[in-house]
Amino acid sequence: MATTPVRSQNPQSRAKNDHPSGDNRFKIIDRTLKRFQFQQDALIEVLHTAQETFGFLSDDLLVYVARQLKLPLSWVYGVATFYHFFSLKPQGEHNCTVCLGTACYVKNAAELVATLRKAYGIEPGQMTPDRQFGLNSARCLGSCGLAPVVLLDGEVVGRAQPESLLAQVQAALAPSGQASGEDDSAPVAIDLPNEEPA
Ligand code: FES
């Protein structure tokens, strides 16, 4: 069964709903920031959300979080490098984050993980030996209405199904030119809804 893409209505509404950064994944971080009312002691929670959303903590992300929480960048960088569960480098050439938050879990998100685990022999938090594919899990990606939700190479896949997700990952990993060009199961960029996590 194909995943259900959700598209914005028109270019104007898309522009209106776009994150100022141009990358709507920052909306997910913004929701966590708002949930914690931009309190500086929410830094670790915000960094968790950032890593779950982007797969790793880039310099740009650290700068963004530091600015939003009004913390020195050196402090944010120090925290990000102190804890082993934060990564400052991309895990794999291609990355898939499966949300295992409550709303997604009850919609069989664990089956998505099991399918990818079986296909690639890796657990969430690991990558394949050739570093081509990294698998992660998240607690809530803030789009519960689209559960189960997956981030594949930064694109949100809503209402993901095991077979079609596997096909999407295989297409992403295929050498360029070998992916099926007309495949309607390819990842589809969507506008993240402005909803709070469950
Ligand atoms: S629980 Fe998965 S997006 Fe909220």
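This report describes the fold of one protein chain and looks closely at two of its helices.

**Overall picture**

The structure is a predicted model. Eight helices and five strands make up the regular elements of the protein chain. In sequence order they follow the pattern α-α-α-α-α-β-α-α-β-β-β-β-α. Of the 198 residues in the chain, 32% are buried. Counting contacts between residues at least 6 apart in sequence, 64% join residues at least 24 apart.

**Confidence**

The chain has a mean pLDDT of 82, and 80% of its residues reach 70 or more. Among the elements, helix 1 (residues 11-17) has the lowest mean pLDDT, 53, while helix 7 (residues 109-120) has the highest, 97. The pLDDT is below 50 over residues 1-14, a stretch with 25 contacts in the model beyond near neighbours in sequence. Residues 179-198 also have pLDDT under 50, and here the model has 48 contacts beyond four places in sequence.

**Two helices**

The table sets out the lengths of helix 3 and helix 7.

| Helix | Number of residues | Expected span | Span between end C-alpha atoms |
|---|---|---|---|
| Helix 3 (residues 43-54) | twelve residues | 16 Å | 16 Å |
| Helix 7 | twelve residues | 16 Å | 17 Å |

For helix 3, the expected span follows from 1.5 Å a residue, and the distance between its end C-alpha atoms agrees with it. The reach of helix 7 is close to the expected value.

Which residues of helix 3 are buried? They are V46, L47, T49, A50, Q51, E52, T53 and F54. The elements that cover them include helix 2 (25-35), helix 4 (59-69) and helix 5 (73-82), together with strand 1 (94-99), strand 3 (133-138) and strand 4 (150-152). After helix 3 comes G55, with a positive phi near 90°.

In helix 7 the buried residues are A109, L112, V113, L116 and Y120. Seen down the axis of helix 7, these residues fall within an arc of 95°, so they line one face of the helix. An α-helix has 3.6 residues a turn, so residues three or four places apart point the same way. The cover over the buried residues of helix 7 includes strand 1, strand 3 and strand 4, along with helix 6 (102-105) and helix 8 (162-173). Helix 7 is followed by G121, which has a positive phi near 65°.

Strand 1, strand 3 and strand 4 are thus among the elements that cover buried residues of helix 3 and of helix 7.

Terms used. Residues are numbered from 1 along each chain as its sequence is written. This is a predicted model: local features need pLDDT of at least 70, side-chain atom pairs count only at pLDDT 80 or more; totals for chains, interfaces and linings use all residues. Helices (H or I, at least four residues) and strands (E, at least two) are DSSP runs, numbered from the N terminus. A residue is buried if 20 or more other C-beta atoms lie within 10 Å of its own, exposed if 12 or fewer, and partly exposed in between; C-beta atoms are placed from the backbone. Two residues are in contact if their C-beta atoms, placed from the backbone, lie within 7 Å. pLDDT is the predictor's confidence in each residue, from 0 to 100. The expected span of a helix is 1.5 Å times one less than its number of residues. The arc is that of the directions from the helix axis to the C-beta atoms.
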